[in-house]
Amino acid sequence: MTDSPGRAVPEDALTTVGCLIGGEWVSDGQRADRVGPWTRAVVSSARQATDSDVGSALRYARRGAKVVARMSPAARADVLERAAAVALARRDELARLLALELGKPVKDGLGEIDRVADTFAVSAAEARRIGGEVLPVAGWARGVGNTALTHRAPVGVALAITPFNAPANLLAHKLAASFAAGNTTLVKPPPQAPASSVAVVRLLLDSGMPPEAVQVLHGGGPVGAALSSAPEVGVISFTGSPGTGAAVARSAGAKRLVMELGGNAATIVCEDADIAAAARICAATGYSNSGQSCISVQRVYVHRSRYEEFLDLFTRAAEKLTVGDPLDAATDVGSMVDDDAAERVVSWAHEAAAAGATITTGGRRDGATVIPTVVASPPADARLIREEVFGAAVAVRPFDDFDEVLATCNDSRYGLQAGLFTHDVRRIVTAWRELEVGGLIVNGSSNFRLDHVPFGGVKDSGFGREAPRWMIDDYTVVKTLVLRGISLFGDQEDAR
């Protein structure tokens, strides 16, 4: 393992960002610098929020919530549709920021910004569809002659706490759905990606989002705790580690929470699978973004009759990935978020090897870059199996019985998504029923997501679902109206 020296940094790489409070960008004050994991140089600098800033933002949020709630759904949808177009127009700029701040390969960054545009467009459509119900009260004697209606009203103030691994798209999900629902949103970006996060907020403001709709506060745990505990906040959407999520929940108290807390995703490859396709897909999705995805391929279970074939093809596919400069369009694997994360991944691989596993490729790092690592047959109690590696190392183990491998996959405190390669419909249905996960991907790996489809987990992977339609449910409250003595159905009896 090595610690790489500094690499050449473009002259215009440094981006400075402020806090957005009360419609004004506040830049003076204490700053925190972000050192790029590839460049080894400062690539962004963010002004840190103070206690006074938090108080000002919360006071402004109360007023801003009323302004946003008065906007028509059509007006909110128009803003989001314009933002989708602006995101595509700025995709090169935004992908470059992701590469500099996080070491994310630029081609992955371009894909993330494409998804941002999709998320805005879907949120716009959902803003136009928010409605209510006419309830069938006349089916019961006490309801005859009356009418009951519901509609979904904004919660008011939402808090979005976002992670570093996909800072643009995950912020887009939280902020766009909140705005579509008619809320104002407090954004706490990840310290590792302040400029990328601010760029998403700016493109929404440039698309007509009113300043009352969003505020940005940079900082660490104390800022998050102060915002989470504030009585002005009605709903919190958090994506991050289980430990931080638990801290947010403790601070929040009796608030509505939507939490996505990670996983150690399993993918099952059955004997009837297209082994070459499975190996290729698992390699592409196991090491994309250096494995820093909550649904990244981490555990692959292959039927024993095809295990050696898969392992050979998978190892070769991992070795073919291009590792290097994230700003190079040809790069498949860039850097992890920092050296400590890279060292942890490598150490877990070698820890498994010491317990009897075989590292068929990789097992080393260059600074914050982990060479794609394949670990064959690690013990079931290895951290590479039990915990969330969140890095460029994949474990491959054989299995003999389908029911047993389902139980093995479930033997985890996590349950976010799983993959299954098979053409057997009965196995697909059984896995969908038995696997303790929020989503199952058939003939694909665990690492696949459609941004308009509900996404979330069970157990320690969290609760609630992301995707605009389902998030709007969490960002709104049902309000009921009962009209005594007024019936929409022509009931002749008196209201009781």
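Start by selecting asparagine 289, which sits in the loop between helix H9 (275-286) and strand E14 (299-303). The model on screen is a predicted one. Check the backbone of asparagine 289: phi is near 55 degrees, a positive value in a residue that is not glycine. Most residues other than glycine have a negative phi. Is asparagine 289 buried or exposed? With a relative accessibility of 11%, asparagine 289 counts as buried, because the cut-off for buried is under 20% relative accessible area.

Next, select asparagine 443. To find it, go to the loop that links strand E22 (439-442) and strand E23 (458-459). Here too the residue is not a glycine, yet phi is positive, at about 55 degrees. The relative accessibility of asparagine 443 is 35%, so this residue counts as partly exposed. Colouring by accessible area therefore puts asparagine 289 in the buried class and asparagine 443 in the partly exposed class.

Now move to the surface and select Leu14, Val35 and Val42. Together they make a nonpolar surface patch of about 230 Å². Of these, leucine 14 lies in the segment before strand E1 (15-17).

Then select residues 25-480. UniProt, in an unreviewed entry, gives this range the feature "domain: Aldehyde dehydrogenase". Which share of the range is helix, and which is strand? Helix accounts for 42% of residues 25-480 and strand for 21%. Put a distance label on the C-alpha atoms at the two ends of the range, and the separation is 39 Å.

Finally, select the whole protein chain and show it as a cartoon. There are 15 helices and 25 strands to trace. The radius of gyration is 24 Å, close to the 23 Å from the globule rule for 496 residues, so the chain is as compact as a globular protein of that length. Turn the C-alpha trace along its principal axes, and the spans are about 80 × 60 × 40 Å.

With the chain still selected, switch on the surface. The accessible surface totals about 19600 Å², and carbon and sulfur atoms hold 53% of that. How many of the 496 residues, as a percentage, count as buried? The figure is 55%.

Last, draw the contacts of the protein chain. Counting contacts between residues at least 6 apart in sequence, 74% join residues at least 24 apart.

How values were computed: Residues are numbered from 1 along each chain as its sequence is written. This is a predicted model: local features need pLDDT of at least 70, side-chain atom pairs count only at pLDDT 80 or more; totals for chains, interfaces and linings use all residues. Side-chain values use heavy atoms; hydrogens and water are left out. Patches are made of residues with over 30% relative accessible area and no salt bridge: like charges are joined within 9 Å, nonpolar side chains (Val, Leu, Ile, Met, Phe, Trp, Tyr) within 5 Å. Accessible areas come from the Shrake-Rupley method with a 1.4 Å probe; for residues, only the protein chains shown count as cover. A salt bridge is a side-chain nitrogen of Lys or Arg within 4 Å of a carboxyl oxygen of Asp or Glu. Helices (H or I, at least four residues) and strands (E, at least two) are DSSP runs, numbered from the N terminus. The radius of gyration is taken over C-alpha atoms; the globule rule is 2.2 Å times the number of residues to the power 0.38. Buried means under 20% relative accessible area, exposed over 50%, partly exposed in between (1.4 Å probe, protein chains only). Contact means heavy atoms within 4.5 Å. UniProt positions are given in the numbering used here, feature names are shortened, and annotations may be inferred rather than shown by experiment.
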